[in-house]
Amino acid sequence: MAYSGYEDYFSKRVIISVATTGGHHGKEANPNLPTQPEEVAKDIRACEEAGASIVHLHARDDEGENTKSVERYQELRDRIDEYCDDIIVNFTTGGGGIFSREERIAPILETEPRPEMATVDLGPINFGQTRTAVNTREQNEEYAERMRDAGVKPELELFNPGQIPEAEHLIEKGLLEEPYWATAIFGMQNGMPAGPGNLVTFVENLPDPVEWQCLAVGKHQLPMTTMAMAMGGHVRVGMEDNIYYRKGELAESNAQLVERAARIADELGRPVATPEDTRDMLGL
Ligand code: ZN
């Protein structure tokens, strides 16, 4: 039962996360998607001003390709510290099926300062015809343990409700601190299909005490994140998940998507969380 957010709906602040870049599509999909460190940092600055309190990041190399280079993540971090005020930095450990287990966590442990948060993918997910990010239980335990020891909050990425027992397993092993921070993901290739019933089912089954955000890809981003806000949840927007502002119209920037999420939160009667509010709510 993770509906506690609904009880104090009007006072409960909405955490807006922005995923600016991702590790998949690039400027060929939307020329406004930022890939280079300074470009990303300027974009994040605008997102922070618009109400984002967490930024979820994947680094890209000079050619815009997905990379796990620690140096590149450090460069990204340095530019963020230069351009941004107080936004919470969240690095991905994604890239299963491409990068090694150690490569995936190295930027989290080896950059300075360390990110306050990093993702843990709680199970397998398919990409295209031949790639599967496997994400074994053993790997999840290892990542959660190393993040705990490093003082980095795990963001639990759940591609379907069948991965909720993996979260419960990490809790039973004492690897997660309360409140848990979970992302319910919709609309991926072999993930949970988007839809109101599936959102309710997913969230009802998350282990308490939890704060959760909704992530939905492509055309599902706007309706699903709006439903999540109306349910007392939090949202993730940005061009990693969705390159469009509306049907047939590419997003001009990540900030444009954040601005809309903040406007919707306001219309729904919920205040938008600052980075400091988010730290309080998530126990960072
Ligand atoms: Zn990501």
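Here follow questions and answers on how the terms applied to this predicted model are justified.

Me: What kind of model is this, and how are residues numbered?
Reply: The model is predicted, with local features needing pLDDT of at least 70 and side-chain atom pairs counting only at pLDDT 80 or more, while totals for chains, interfaces and linings use all residues. Residues are numbered from 1 along each chain as its sequence is written, and side-chain values use heavy atoms, with hydrogens and water left out.

Me: What makes the chain as compact as a globular protein of its length?
Reply: The chain holds ten helices and twelve strands; these are DSSP runs, helices being H or I of at least four residues and strands E of at least two, numbered from the N terminus. The radius of gyration is 17 Å, close to the 19 Å that the globule rule gives for 284 residues, so the chain is as compact as a globular protein of that length. The radius is taken over C-alpha atoms, and the rule is 2.2 Å times the number of residues to the power 0.38. Along its principal axes the C-alpha trace spans about 45 × 40 × 40 Å.

Me: Why is Glu71 called exposed, Pro113 partly exposed and Asn135 buried?
Reply: Buried means under 20% relative accessible area, exposed over 50%, and partly exposed in between, with a 1.4 Å probe and protein chains only. Glu71, in helix 3, has 60% relative accessibility and therefore counts as exposed. Pro113, in the loop between helix 4 and strand 4, has a relative accessible area of 38% and is therefore partly exposed. Asn135, in the loop between strand 6 (131–133) and helix 5, has 4% and therefore counts as buried. Across the chain, buried residues make up 58% of the 284 residues.

Me: How do you know that both faces of strand 3 are covered?
Reply: In strand 3 (residues 88–91), Ile88 and Asn90 on one side and Val89 and Phe91 on the other are all buried.

Me: What makes strand 3 a partner of strand 2 and of strand 4?
Reply: Two strands pair if DSSP finds at least two bridges between them. Four bridges join strand 2 (residues 54–57) to strand 3, and the two run parallel; in this pairing His56 stands opposite Asn90. Strand 3 and strand 4 (residues 117–121) are also parallel, with two bridges, and Phe91 has Ala118 of strand 4 as its bridge partner.

Me: Which crossovers are called right-handed, and what does the word require?
Reply: A crossover is right-handed if, with the strands pointing away from the viewer, the path from the first strand over the helix to the second runs clockwise. Strand 2, helix 3 (residues 70–83) and strand 3 make a right-handed β-α-β unit. The crossover from strand 3 through helix 4 (residues 101–110) to strand 4 is right-handed as well. The buried residues of helix 4 pack against helix 3, strand 3, strand 4 and helix 5 (137–150), where contact means heavy atoms within 4.5 Å.

Me: Why is the arrangement around the zinc ion called irregular?
Reply: The protein donors are His56 (NE2), His58 (NE2), Glu240 (OE) and Glu240 (OE), at 2.0 to 2.7 Å from the ion. Donors are N, O and S atoms within 2.8 Å of the metal (3.2 Å for Na, K and Ca); water is not among the atoms, so sites may look incomplete. Four donors count as tetrahedral if all angles lie between 85 and 135 degrees; four count as square planar and six as octahedral if opposite donors are over 155 degrees apart and all others between 65 and 115; anything else is irregular. The four donor atoms here subtend angles of 53 to 133°, and the arrangement is therefore irregular.

Me: Which parts of the chain do His58 and Glu240 link?
Reply: His58 lies in the loop between strand 2 and helix 3, and Glu240 in the loop between strand 10 (234–237) and strand 11 (244–246), 182 residues apart. Both residues are buried.

Me: What is the omega of the cis bond between Glu112 and Pro113?
Reply: Omega is about -15° for the cis peptide bond joining Glu112 and Pro113. Another cis bond joins Asp208 and Pro209, with omega about -5°. Most peptide bonds are trans.
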